[in-house]
Amino acid sequence: MIPATLSYRRASSVDEALGMLAEHGEDAKLLAGGHSLLPLMKLRLAAPEVVVDIGRIEELRYVRTEGDVVAIGAMTRHHDLHTDGVAGREVPLVAHVAGEVGDPQVRHRGTIGGSLAHGDPAADLPAAVLACDATLVARGPDGAREIPAAEFFAGLFTTALGPDEILTEIRVPRAADRGWGFEKFTRRRFDWSIVGVAVLGGSPTQPAVGLVNMGEAPIRATAVERALAAGATPAEAAEHAAEGTSPPDEPHASAGYRRHLATVLTARALERAAGGSPAGL
Ligand SMILES: Cc1cc2nc3c(=O)[nH]c(=O)nc-3n(C[C@H](O)[C@H](O)[C@H](O)COP(=O)(O)OP(=O)(O)OC[C@H]3O[C@@H](n4cnc5c(N)ncnc54)[C@H](O)[C@@H]3O)c2cc1C
């Protein structure tokens, strides 16, 4: 349970962190809140030679409106996002889901950037940013680039980020007037999702549904979205929740159980997003 020997470097700005990544290449790993990376290092599933600590870069800790979007700095901690007034008003689905991550200790250390960059299909926030059609901003040696959430999650613990890039910002379209729902099924109160479902209601676009732990990467429930667009009721559409998914098959939750959960939780999340009336979607 002791990590392999490593060098520790602390960056005080994004530019400094980028310089350290360029210097050490693939031997380096960024450390944000450490709540996913450190457990992996202790289990020796990750053994970076150099850890670049970005945990004190204050310039990446903010939530603010910028025109049609809410811009969230990648180092914003789950607790701060959950309790932020702007986030709660303008992107309530994301703010709510941040408050459903783990326990208070995890939420006071873990960051939205770390959660997204880790690419864990069992994480909650990726499903929310997918449903919100957020845009992720990465900075690298060649400057900044924007990546739509739909193109960010590439596979199991794999994202579109290069080893020399830092996720700096998450840009979430403002959605104060759209209904939303989030359902997370766990064995115990603070556990990871066995399955989770995030729904952002329609208007001006169609309702969007993100799934937690239903494949190798965080995914959208596109069959549900298509059914809703074709006029299905939320209950009818939810029956399609497991289509095109490949949930993990584990002793405590089989793939079949997860498929069943996905349909039940999707129906509940759609209902909540609709505010009790299918017309509300
Ligand atoms: C007990 C426990 C319970 C948990 N329960 C849940 C849960 O219920 N739901 C849930 O969603 N999550 C859960 N988590 C995970 C938690 O949300 C983590 O905080 C999160 O996944 C990672 O964020 P972090 O800031 O700690 O990142 P770190 O662990 O520091 O980093 C994770 C990975 O992302 C990379 N990275 C970090 N920041 C950046 C960046 N800005 N740019 C590029 N790469 C970056 C790192 O190099 C590393 O590979 C739990 C964790 C623990 C320990």
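How many residues surround the ligand, and which are the closest? In this predicted model, the ligand is surrounded by 28 residues, and the closest are Leu30, Ala32, Gly34, Leu37 and Thr111.

**The ligand and its surroundings**

The site occupied by the ligand is the largest pocket. The elements that each contribute two or more residues to the shell around the ligand are strand 2 (28-31), helix 7 (112-118) and strand 10 (166-173). Of the elements, helix 7 gives the most to this shell, namely 4 residues. Sorted by class, the shell around the ligand comprises 13 nonpolar, 11 polar and 4 charged residues.

Polar contacts of the ligand with Lys29, Leu30 and Asp124 are set out below.

| Ligand atom | Protein partner | Distance |
|---|---|---|
| Oxygen | N or O atom in the side chain of Lys29 | 3.2 Å |
| Oxygen | Polar backbone atom of Leu30 | 2.5 Å |
| Nitrogen | N or O atom in the side chain of Asp124 | 2.8 Å |

On its own, the ligand has 970 Å² of accessible area, and the protein covers 90% of that area. Leu30 thus appears twice in this description: it is listed among the closest residues to the ligand, and a polar atom of its backbone is 2.5 Å from a ligand oxygen. For Lys29 and Asp124, by contrast, the ligand is approached by a side-chain N or O atom, at 3.2 Å for Lys29 and at 2.8 Å for Asp124.

**The protein chain as a whole**

The protein chain contains 12 helices and 14 strands. Its C-alpha trace spans about 55 × 45 × 30 Å along the principal axes. What radius of gyration does the protein chain have, and what would be expected of a compact globule with 281 residues? The protein chain has 19 Å, which agrees with the value near 19 Å that a compact globule with 281 residues would have.

**Contacts of Lys184**

Lys184 belongs to strand 11, which covers residues 180-185. A polar atom of the Lys184 side chain lies 2.7 Å from the backbone oxygen of Glu100. The side chain of Lys184 also reaches the backbone oxygen of Asp191, at 3.4 Å.

**Backbone angles in two loops**

Which loop holds Arg44? Arg44 is placed in the loop between helix 2 (37-42) and strand 3 (50-53). Its phi is near 60°, a positive value in a residue other than glycine. Phe157 lies in the loop between strand 8 (153-155) and strand 9 (158-159). The phi angle of Phe157 is near 55°, which is likewise a positive value in a residue other than glycine.

Conventions: Residues numbered from 1 in each chain as written. Predicted model: local features only at pLDDT ≥ 70, side-chain atom pairs only at ≥ 80, totals over all residues. Heavy atoms only, no water. Near = heavy atom within 4 Å. Polar contact = N/O pair within 3.5 Å; in protein donor to acceptor, adjacent residues only side chain to side chain. Areas by Shrake-Rupley, 256 points an atom, 1.4 Å probe, with all protein chains shown as cover. 1 Å grid on protein atoms, 1.4 Å probe; cavity = no way out; pocket = protein on both sides within 12 Å on 5 of 7 lines; lining within 4 Å. Sits in = over half its atoms within 2 Å of the grid points. Nonpolar A, V, L, I, M, F, W, Y, C, P; charged D, E, K, R; others polar. Rg over C-alpha atoms; globule rule 2.2 N^0.38 Å.
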